[in-house]
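Let's take a walk through this structure together, one piece at a time. Keep the 3D view open and follow along.

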Amino acid sequence: MKITAVTVEVTSEPKAHPVRDAIQLLDRDGLARVRIDTDEGVSGVSTTYFGRVESSPAVLAKIVTEQLAPAIIGADPTVIRGIRQTLQTLTDYQGTAGLSSYGISAIDQALWDLLGKSLDVPVWKLLGAQRTAIPAYAMVGWLELDVAGLERVCAQAMEQGFQGVKMKVGGGPLTEDVQRITAVRNVIGPDAPLMVDANQAFGYAEALRRGRVYEELDCRWFEEPLPAGDTDGHVRLAEKLDIPIATGENRYGQAAFRDLIARGGVGVVQPDLRRAGGLTDCLEIGLMAAGFGVPYASHGGGAHIHVLAALPNTIYLESGLLPPDVQLVDGCYPLPAGAGLSSW
């Protein structure tokens, strides 16, 4: 089997309900849909969210079709790690981290989808599943919501059966964070996990100050307290706080996780499929973390569920509110039954 074509379809539309975290407004839904075709009639597809700027999906499509695709036409699509190495070498001079990683990830996911479809099995079976359902929490506590809106959406998440919720912090003074966290805790109850996410908003001193308060409020973890690349800061912060530090979504490639994990700068590792490099790199990052006893929680859901199914150190899948076609079972997402990366 050989790759014969790589094509990309893009869309970019205003988001019906823009959402805000501590550093940015997410007001667009941009998608790039990559399709890989073969000479045996089997195809693989991936969908990459790439919003914020109207032209962003088209920029990504250009990288995939004009730079990455020509290097893999004629290749065996089942040699997934070999293709990854080819594309990383190709993009090294311009810098693989960044948009190149988004493109490599999109191809990697489409290749896994293609492999699963060629064998008529879901990808989680190819990766060697450890579990058949994934514990899930709802990321619903965005900063554009007032306290009443925050209470409503968190209550809805718990009614849908999620094990807990995550909310954004750092958009205002600490007193505002405390008010919002207290309101959510009153809604979800004393035992449900409540995570807080600062989206890289703080420097070290402020992260330490707020982290101590989040500990007192019984938050399960403190996510992205510092700029993503500040490994030293994460190590120092983890030494001072009892609350686990969760981070990783803005690190590119598995090499960016080595020192962070080995030096104890992360308590919950959270790669992002798009930035880390796809299912292949996320799986390897997760296994690296497992070797150090560090738990793994996805940034986002979607295709990431296949990696979560295979890792020994998985603790949570991140989700928004449930789509109509999915029901949680005892607070867990069931694994998709369709071939490849197909959904439920």
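Start by finding aspartate 37: straight across from aspartate 37 sits serine 43 in strand S3. This is a predicted model, by the way. The pair belongs to a stretch where S2 (residues 25–38) and S3 run antiparallel, joined by 7 bridges. Between these two strands there's a hairpin with 4 residues, and in that hairpin glycine 41 has a positive phi near 85°.

Now step over to the other side of S2. Here S1 and S2 are linked by 13 bridges, and they too run antiparallel. One spot to look for is valine 19, which faces leucine 26 in S2. To get from S1 to S2, the chain goes through a hairpin of 4 residues.

Put those pieces together and you have an open sheet of 3 strands, ordered S1-S2-S3, with antiparallel pairing. S1 (3–20) and S3 (43–49) are the edge strands, each with pairing on one side only. Going from one strand to the next, the twist averages 15°.

What lies across this sheet? Helix H1 lies across S1, S2 and S3, and runs at about 165° to S1. Helix H3 also lies across S1, S2 and S3, this time running at about 145° to S3.

These two helices meet each other as well. In general, a pair of packed helices is described by the angle between the axes and how far apart the axes are. For H1 (residues 56–68) and H3 (residues 99–119), the angle is about 70° and the axes are 9 Å apart. An angle between 65 and 115 degrees counts as roughly perpendicular, and therefore H1 and H3 are roughly perpendicular to each other. If you zoom in on the contact, you'll see Val59, Leu60, Ile63, Val64 and Leu68 on the H1 side, meeting Leu99, Ser100, Tyr102, Gly103, Ile104 and Ile107 on the H3 side. Sort the residues of this contact by type and you get 9 nonpolar, 2 polar and no charged.

Next, move along the chain to strand S5 (residues 165–168). Is S5 covered on its faces or open? Both faces are covered: Val165 and Met167 are buried on one side, and Lys166 and Lys168 are buried on the other. S5 has partners, too. With S4 (residues 133–141), S5 pairs in the parallel sense over 3 bridges, and alanine 138 stands opposite valine 165. With S6 (residues 194–197), the pairing is again parallel, over 4 bridges. Valine 165 turns up here as well, standing opposite leucine 194 in S6.

Our last stop is helix H9 (residues 255–262). Which residues of H9 are buried? They are Phe257, Leu260 and Ile261. These three span an arc of only 95° around the axis, so they end up on the same side of H9. Turn to the face pointing away from that buried side, and you'll find Arg258 and Asp259, which are exposed.

So what do the buried residues of H9 pack against? Their partners are helix H8 (231–240), strand S8 (245–247), strand S9 (268–269) and helix H11 (279–291). Just past the end of H9, look for glycine 264, which takes a positive phi of about 80°.

How values were computed:
Residues numbered from 1 in each chain as written. Predicted model: local features only at pLDDT ≥ 70, side-chain atom pairs only at ≥ 80, totals over all residues. Heavy atoms only, no water. Buried < 20%, exposed > 50% of the residue type's maximum accessible area, 1.4 Å probe, protein only. Arc of directions from axis to C-beta. Contact = heavy atoms within 4.5 Å. Axes fitted to C-alpha atoms, helices over the stretch in contact; angles between N-to-C directions. Parallel < 35°, antiparallel > 145°, perpendicular 65-115°, else oblique. Nonpolar A, V, L, I, M, F, W, Y, C, P; charged D, E, K, R; others polar. Pairing = 2+ DSSP bridges.
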